[in-house]
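Welcome! Here is a short briefing to help you find your way around a protein fold. Keep the structure open beside you and look up each place as you read.

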Amino acid sequence: MKYSDFRSHLLDTLTQELGAEVQLSVRDLSGPEISGTGQDACVISIPDRRLSPVFYPGYFYQKYTEGTSFEEIIENIKDSIRYTSEDSLDFEQIADYQRARHHIVPRLIRGSGIKAERDGGRVEVPYLDLTVIFTYVIRSEGDELVSFSISWDQMNEWGITVEKMLRDSIETAQRLFPSSIESIEDVLSLTGAPDMYRTFHVLTNCKRQYGAACILYDHVLGDFADRIGEGFYMIPSSVHEVLLLPESIGILPADMKEMLDDVNASVVKPEEVLSDRIYYYDRESRSLDFVV
């Protein structure tokens, strides 16, 4: 079954199961009301509910192609509605920043090159040529992550600055989603791979979701540089992880960029592309910048 047919069948079935008063609409997650990076999503609008559950048809289509039954997928989506019920959220907690801050984490996405409006839209902070957004984590179990993005209006209601939310969110992310650096040989279970690949490392978080944000964590890049005893290049392989390559590996940044361009064009989903630049971390200055 093609994705378009699967999505149509999914929406038709859910409309029948949930009732005519429940509205399902497909939106682009690059909008301010929901966290994400622009991928296909469906918003479930329920009368008299302030919170609208969201599910990703593409995610469930992948599960379907891997063998999950259509009936089980329908039940999973119904569960998501229960997880995001009014009773499941403490709105007083969200209104109180000192309590809400323990649920807010940064997410690193591709830079748009457009200056974000500070009125109504989601909070966006430029970082190099990338963009940091902030999400409030409602639920995080297994490979499921339910969240919503923080808007400028919400931040203004809290009466805090972007700088404070960035500092606090990094602290929370390090607690909720600690970083992990493993050799690519171990991550991909490579056997008999060239010795060069043993020096490739993958930086992500414990969930392997939006793990590129780990480059914002305190001391992560510096500690890795100290561990290998030199500076290193960083290849932004996706919003979920980055590759770290020691400077002494001998690969030219231009060759790394060519490899990255090929991967971005043929392997990584468009909504998960992080950047087309190659970065270098200087061990002496403790700084990260792009080189190509």
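What share of the contacts in the protein chain with a separation of 6 or more comes from residues 24 or more positions apart? The figure is 60%. Please keep in mind that this is a predicted model.

**The whole chain**

- You can count 10 helices and 13 strands in the protein chain.
- The chain has 292 residues, and 47% of them count as buried.
- About 14,700 Å² of the protein chain is exposed, and carbon and sulfur atoms supply 48% of that area.

**The nonpolar cores**

- In soluble globular proteins, nonpolar side chains tend to be buried together.
- Here, the largest nonpolar core has 46 residues, and the members that touch the most others are Ile104, Val123, Ile150, Met165 and Ile215.
- Strand β6, residues 130-141, gives the most to this core, with five residues.
- Try picking out Val123: beyond the residues up to four places away in sequence, Val123 touches Val132, Ile133, Phe134, Ile150, Ser151, Trp152, Met155, Val162 and Met165.
- There is also a second, separate core of 16 residues, and among its members are Leu11, Phe60, Ile73 and Ile77.

**Strand β10 and its partners**

- Seven of the seven residues of β10 are buried, so this strand is largely enclosed by the rest of the structure.
- β10 and β11 run antiparallel and are joined by five bridges.
- These two strands form a hairpin, with two residues between them.
- β10 also runs antiparallel to β12, and three bridges join this pair.
- Tyr233 is a good residue for seeing both pairings: its bridge partner in β11 is Leu245, and its bridge partner in β12 is Tyr280.

**Ser238, in strand β10**

- Ser238 belongs to β10, which covers residues 232-238.
- Is Ser238 buried or exposed? Its relative accessible area is 5%, and Ser238 counts as buried because the cut-off is under 20%.
- A polar atom of the Ser238 side chain lies 2.9 Å from the backbone nitrogen of His240.
- If you set aside neighbours within four places in sequence, Ser238 is in contact with Ala212, Val268, Glu272 and Leu274.

**Helix α9**

- Helix α9 spans residues 220-228, and its buried residues include Val220, Leu221, Gly222, Phe224 and Ala225.
- Which strands help to cover the buried residues of α9? The cover includes β8 (179-183), β9 (201-205), β10, β11 (241-246), β12 (279-282) and β13 (287-290).
- Just after α9 you will meet Gly229, whose phi is positive, near 75°.

**Val291, after the last strand in this tour**

- Val291 sits in the segment after β13.
- With a relative accessible area of 44%, Val291 is partly exposed, because that value falls between the 20% and 50% cut-offs.
- Leaving aside neighbours within four places in sequence, Val291 is in contact with Tyr233, Pro253, Ile278, Tyr279 and Tyr280.
- Two of these names should look familiar: Tyr233 and Tyr280 are the bridge partners that link β10 and β12, and Val291 is in contact with both.
- The C-alpha atoms of Val291 and Lys257 are separated by 9.9 Å, and these residues are 34 residues apart along the chain.

Conventions:
Residues numbered from 1 in each chain as written. Predicted model: local features only at pLDDT ≥ 70, side-chain atom pairs only at ≥ 80, totals over all residues. Heavy atoms only, no water. Helix = DSSP H or I, 4+ residues; strand = E, 2+ residues; numbered from the N terminus. Buried < 20%, exposed > 50% of the residue type's maximum accessible area, 1.4 Å probe, protein only. Polar contact = N/O pair within 3.5 Å; in protein donor to acceptor, adjacent residues only side chain to side chain. Contact = heavy atoms within 4.5 Å. Pairing = 2+ DSSP bridges. Core = buried A, V, L, I, M, F, W, Y, C linked by side-chain atoms within 4.5 Å. Areas by Shrake-Rupley, 256 points an atom, 1.4 Å probe, with all protein chains shown as cover.
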